[in-house]
Structure formats: structure tokens, C-alpha cells
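Here are a few exercises to work through with the model open in your viewer. Try each task before reading its solution.

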Amino acid sequence: MANLVPEGLTADVFNQAVAEMRAVVGKQWVFAEDQAALRSYRAAYGATPDEAHLPSAAVAPDGVEEIQAILKIANDYRVPLWTISTGRNFAYGGPAPRKAGYVVLDLKRMNRIIEVNEELAYALVEPGVSYFQLYEHLQKTGSKLWIDPAAPGWGGPLGNTLDHGGGYTPYGAHMLMQCGMEVILADGTVVRTGQGALPNSDNWQTVPYNFGPYVDGLFTQSNYGIVTKMGFWLMPEPPGFMPFMVTFPKQDQLHDLVEILRPFKLNLIPHNGAIMADLIWEASTKATRRQYYSGKGPIPPSARRKIAEDHQIGEWNLYAAFYGPEPLNKLQWEPLEAALRTLPGIEIYYEGDRKGDPTWDYRRDLMRGIPNMTEFSLMNWIGGGGHINFSPICTPYGAEAMKSWAMIRDRANEFGFDYIGEFAIGWRELIQVLMLMFDRTDASQRDAAYNLFNTLIEDFAKEGYGEYRTHLDFMDQVAQTYDWNDHALLSLQERLKDGLDPNGILSPGKQGIWPEHMREPR
Amino acid sequence: MVRPRLIFRAWLAGAMLLSASGTGAGEARKLEGAERTWAFYCEGCHAAGIEEHPGTLRLSYTRSPELAAIRGRQDLTPEYLRQIVRMGYLEMVGFRKTEISDDELEALIKFIRLPVVTQAQGEK
């Protein structure tokens, strides 16, 4: 029988629960003894060993009724269920549970595209639908609607949105585009939000804010329910698409770039979420560290100059696009272009200017709603697979961007890592993502990455910067930084948890929210 | 205006249908299914075209440009592929049975090991 057992359960009780789950979904959809099958649920790129997050079992239902039956079993025996959709957000832990021994509730089999409405430009999907799948569907049906994929196309719209993820088209703020959910609560009650609660309404996917409190957000980055359907808006194909890239030769031009962009972004120019990628993020999709530097410590300036020259890239590289009638795109680009051209040494590239550059190609495709996997080449920079994302938020002021960038760079260098990062500029926020790359086969690198991450959480909290999302290993630490008024927010989240899931069976510890019986005193 | 990724586009157009001779209808259907598995889970990293595909790029570094694209490679034994697809290895993650079932994996392994006949290999 199974080797691992959830905390607090005897092997006998657990085996009984597994047997009952098998009776619900069929024995081929419960994995407990098959160690190879269970290892496919590991946190493959994390800074802690696989064993820290290996499940005791995984169960893969197909449909609401099967989930309700599993919830009853989990409540009866107090089995912790860790819910995943496509389970492909690997830099934050992938399909692995917060703690070893949980049972993964794998919703990948629920992969129906329930509706695409061409006239109103929306979709309603199940958790297992991937970006590749939705893209395929729209192409095959001749749809004129675009998707907004995350960088790796094997992820999916439902899971990415629930984790507050983003994309690269004008619909890149996924939470803003989400509209209507079907959620199963821990006691098995099925709830439809918004107009979905009105029998016979056709407006479930058209009106996000409705009568009464807005509850959709409660089921994102949380453990209050299991989202089984989610609606979201799709962008109609625009008459024109004008992607561009700007390279900046100096590191401190980040300051000026952000100052220039802020007023434009407040007016939604450029139209999508602009990305500013640093030199190494940019280079690592087409070169390796070893090709430029084999020493320890950060890459020296001479090697950085060589990288920039070889690949015609800058210390910072801005990618963005305009969408609409071509003359209008040009008109809107003109003032931004004029402002950017005041910065010395910049180069501007358009479609066709960077033929054969895989980085331009994948960035352009992402901004055009075409899913791909090219960004995974980042892992080739040093090899060894390890990578976790540190993702703090700051305000879009040049000085703030420089400060938070230097804070990460200096700490990363101190712990022996390169700064590999990017900034995404939204309406009023800057989100920086450190791609903390390390050789996972080297225990000292793993430990250094883990320690660096914890140090950064503390450093940033002291300066008033929080993370918008985090890896399994750091959920408690990040949750503890949001501690205004004696942790009032986390206390509220815990009260909701206790009310909605009194047995604490749903994803215990997700985002630092633990059920009462697993909670540590603060 | 903008082209989809090379192989994914071919899959969408139904253009990659295999010309494997001597296969029965059931077998052909399985291989067609394998082509879709390949499109959804493998080709993003392992399609031919070293620059755009992280896995192909990686293997060009660690093995050689000739061994970089995995389709058609006879030295990758079914046993090895089974292990790697499920368990992953270093930069590659494993795939769950809910993503690629055991039957789909067997068909995928056959598909990967089929000699490559597409004309699109050289296109960039």
C-alpha cells in the first residue's frame, strides 16, 4: 500500500480513504502505490528537496459529482486535498502540495472548453484547459478571438488567473478579464457567482460585478473552494498589430525608462503590459553563462559588454506593442518614441528587424496571443534545473525601480547568483520578477537560493514592498509580512477559512492560510 | 502577419499526418493522437530548430547539434523515454498520467522514434 500518509492519519484510515476514492473515480485515477506516478507531482525546480513536497496520493476526478464525493470522503477522514488545475506554474511549485503527504486533487482531466462566444468575445472553461488547447480550439474553429497566454503555453487560463498571473496582450491583467465562476465549497455545495446565480441568465460571462458582495476574488490564491468553471474575456483580433523592442545600453536608464513610461501607461499606452527584461534574462534564451564567463560570482562588466554586443541587446530591453488600425498605432507611438529617443544610445526594433532572434520571436508571439515554450530556455543559462521566482511589487517611479532592482541585484550577488530579472509595468504598478536560477544538483546552491529568497522577503518587507505571489516554500514567510494591525488581514482570512472549511481539508497552508488545527501561534 | 510556431502550425493544419506505411487504422489513430500529445507537451521544448526550443537547445549544448532534436532518434529506447517522461530529468519536468496516460505514452514513444519525414525541418 501507500508509503506516505497525511499528517495525523493512520495508515489504515488513509488506505480506507484511498479505497473509497477509487470507488468514486475508478482505480486508474487514484495514484498511491505507483511511485513513478507520484514523483510526477514533485516541485521539480525548487530550492528544497523533492521529498519536502511529495504527495501521499493523487486523485483525478472528472466532474462536479465526483469532486463532491471526494470531498465527502476527505471530510469523513480529514484528508488534506491540494487542488491543482494544469499544475504547470513550476517557478511557484508546480503540481506539488504545500506539505509532503497531502493528497493532490488533480483537475487536469476536466479540460472542456464549455463555451466560446464569438460575438461577446468570452470563454468558459474547466481547470484542465491549457493555453495550447484553447489556442488550438480557436484556430480550428476559425475564431477571430485571441488568447492571452502566460509565457509557458502548457499552463492554462483558469489556474493562471486564480494565481493572479498575467500575460502580454492588452488582456494581460487576467483578474480584470475574469468573469463568473463555478465553485464547489468544502461541504460539497456548488455555487455560481455573479449572474450565474440567476437561473436562465445569459450574462454570467459578461458582467463581473453584480448584486451583493463580489466573491470571485475570494477563490483566488486561496483555499476556500474548488473552482470548476471560470469565465473570462477574449480579445477580438485587432486590425493591426505593431510590436516593438527598445534596447537601453546603461543599467541606470531603468530610472528614465520608468519615468517616461509611467504617464503613458496611465493612459494605456502602449496598449499591453510592457516588459523590461535585463541583459541576462534576454541573453539566456540564446546563450549560456559558460560561453561568457566560467568564474564564480557575478558576470563582470567586460563580459556583459560582450553579451550585449554579440546579441544586440541592452542592459534593459523593453518589449511592448500597439493594437488597432495602423495609422492610429503610429500616431500613438509617436510621442512615446520621441520621449524614448531623448535617452542616449537606445535602439528601436520593429517586426522584421530581428530576423532569426528567438527572443524577439517568442516575445512577439506572446504579445500576439500565440502560446509557446521558448522562455524555458532561461534554464539553459547555467543548467541544473533550479529556478524560483521572487516577485515583489513597487510603484512605477524611476527611483523606486532602481532601488528595488539594486536591492535584489546586491543580495543576489552576495549569495553568489546573477541578477536575472524583468519588470512588468501595469497601470499603476511595477512587478519585478527575479528568476533565481541555480543548479539543483548542487546542495550548496540550493541552500544559498533558499537563504537568499528568505533574506529578500525580509529586506523588501522592511522597505514596504510585498510579493504578489510566491513559491510553496515561502508562503508562510510572505504571508507574515502582511502584518498591519496585528495581522488583521491574515486573521480575517483564517476566519473565512474556519467558516467555509471547518475540517480544514482544502489546500492547507495555501498562501499561509492554515486551518485551525494546523495553525501555529503567532 | 505573424506565424504560429512551426510544428504547432503544422499540427493545426493537419499537415503532419504520418506517412508510416503498414500501420492499421487503429494504430494510425493512436499515432495521430500521439502527434497531438507531442504538440501539447513536447514540441514546445523539443521541436527541431535549435534556437527556439529550450530542450533542443539544451541537447545541442550537452550532446551535439546532430542529437539535439529528439524525434527520429533510435538511440532513445522506449524504456528510457518512459522513465524520462514520467520522472523528468534536471531541466525537464515529468508528466502526470492525467496529462499523458500510459496508453498515450506508449503511442508517443512510437511517434518520437519514427523516422522523421517532414519537409519542414529546415524552415525557420
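**Exercise 1. Find which residues of α2(B) meet which residues of α5(B), then describe how the two helices cross.**

Solution. This is a predicted model, so take the positions as computed ones.

Step 1: list the partners. On the α2(B) side they are K30(B), L31(B), G33(B), A34(B), E35(B), T37(B) and W38(B), and these meet E104(B), A107(B), L108(B), K110(B) and F111(B) of α5(B).

Step 2: sort them by type. The contact divides into six nonpolar, two polar and four charged residues.

Step 3: add the geometry. The axes of α2(B) and helix α5 (residues 102-113) of chain B are 8 Å apart, at an angle of about 85°.

Step 4: classify. Angles of 65 to 115 degrees count as roughly perpendicular, and α2(B) and α5(B) therefore fall in that class.

**Exercise 2. Describe the side of chain B that touches chain A.**

Solution. Step 1: count. Contacts link 28 residues of chain B with 42 residues of chain A.

Step 2: locate the helices. In chain B, α2 (25-46), α3 (54-62) and α4 (78-87) each supply at least two residues of this side.

Step 3: look at composition. This side of chain B has 14 nonpolar, four polar and 10 charged residues.

**Exercise 3. Decide how the radius of gyration of chain A fits a compact globule.**

Solution. Step 1: set the expectation. For 522 residues, a compact globule would have a radius of gyration near 24 Å.

Step 2: compare. Chain A has 23 Å, which agrees.

Step 3: look inside. In chain A, 53% of the 522 residues count as buried. The largest nonpolar core has 170 residues, and L436(A) is among those with the most contacts inside it.

Step 4: inspect L436(A). Beyond its neighbours within four places in sequence, its contacts include H387(A), F417(A) and F453(A).

**Exercise 4. Examine the backbone in the loop between α7 and β13 of chain A, then turn to H487(A).**

Solution. Step 1: recall the background. Most residues other than glycine have a negative phi, and most peptide bonds are trans.

Step 2: check the peptide bond. I269(A) and P270(A) are joined by a cis peptide bond, with omega about -10°. P270(A) sits in the loop between α7 (253-266) and β13 (274-278) of chain A.

Step 3: check phi. L268(A), also found in the loop between α7 and β13 of chain A, has a positive phi near 60°.

Step 4: judge exposure. L268(A) has 11 other C-beta atoms within 10 Å, so L268(A) is exposed.

Step 5: turn to H487(A). Its phi is near 60°, and H487(A) lies in helix α15 (residues 484-500) of chain A. H487(A) counts as partly exposed because it has 16 C-beta neighbours inside 10 Å.

Terms used
Residues are numbered from 1 along each chain as its sequence is written. Chains are lettered from A and ligands numbered from 1 in the order in which they are written. This is a predicted model: local features need pLDDT of at least 70, side-chain atom pairs count only at pLDDT 80 or more; totals for chains, interfaces and linings use all residues. A nonpolar core is a set of buried Ala, Val, Leu, Ile, Met, Phe, Trp, Tyr and Cys residues joined through C-beta atoms within 7 Å. A residue is buried if 20 or more other C-beta atoms lie within 10 Å of its own, exposed if 12 or fewer, and partly exposed in between; C-beta atoms are placed from the backbone. Two residues are in contact if their C-beta atoms, placed from the backbone, lie within 7 Å. Helices (H or I, at least four residues) and strands (E, at least two) are DSSP runs, numbered from the N terminus. Ala, Val, Leu, Ile, Met, Phe, Trp, Tyr, Cys and Pro count as nonpolar, Asp, Glu, Lys and Arg as charged, and the others, Gly among them, as polar. Axes are lines fitted to C-alpha atoms, for helices over the stretch in contact, and angles run from 0 to 180 degrees between N-to-C directions. Angles under 35 degrees count as roughly parallel, over 145 as roughly antiparallel, 65 to 115 as roughly perpendicular and the rest as oblique. The radius of gyration is taken over C-alpha atoms; the globule rule is 2.2 Å times the number of residues to the power 0.38.
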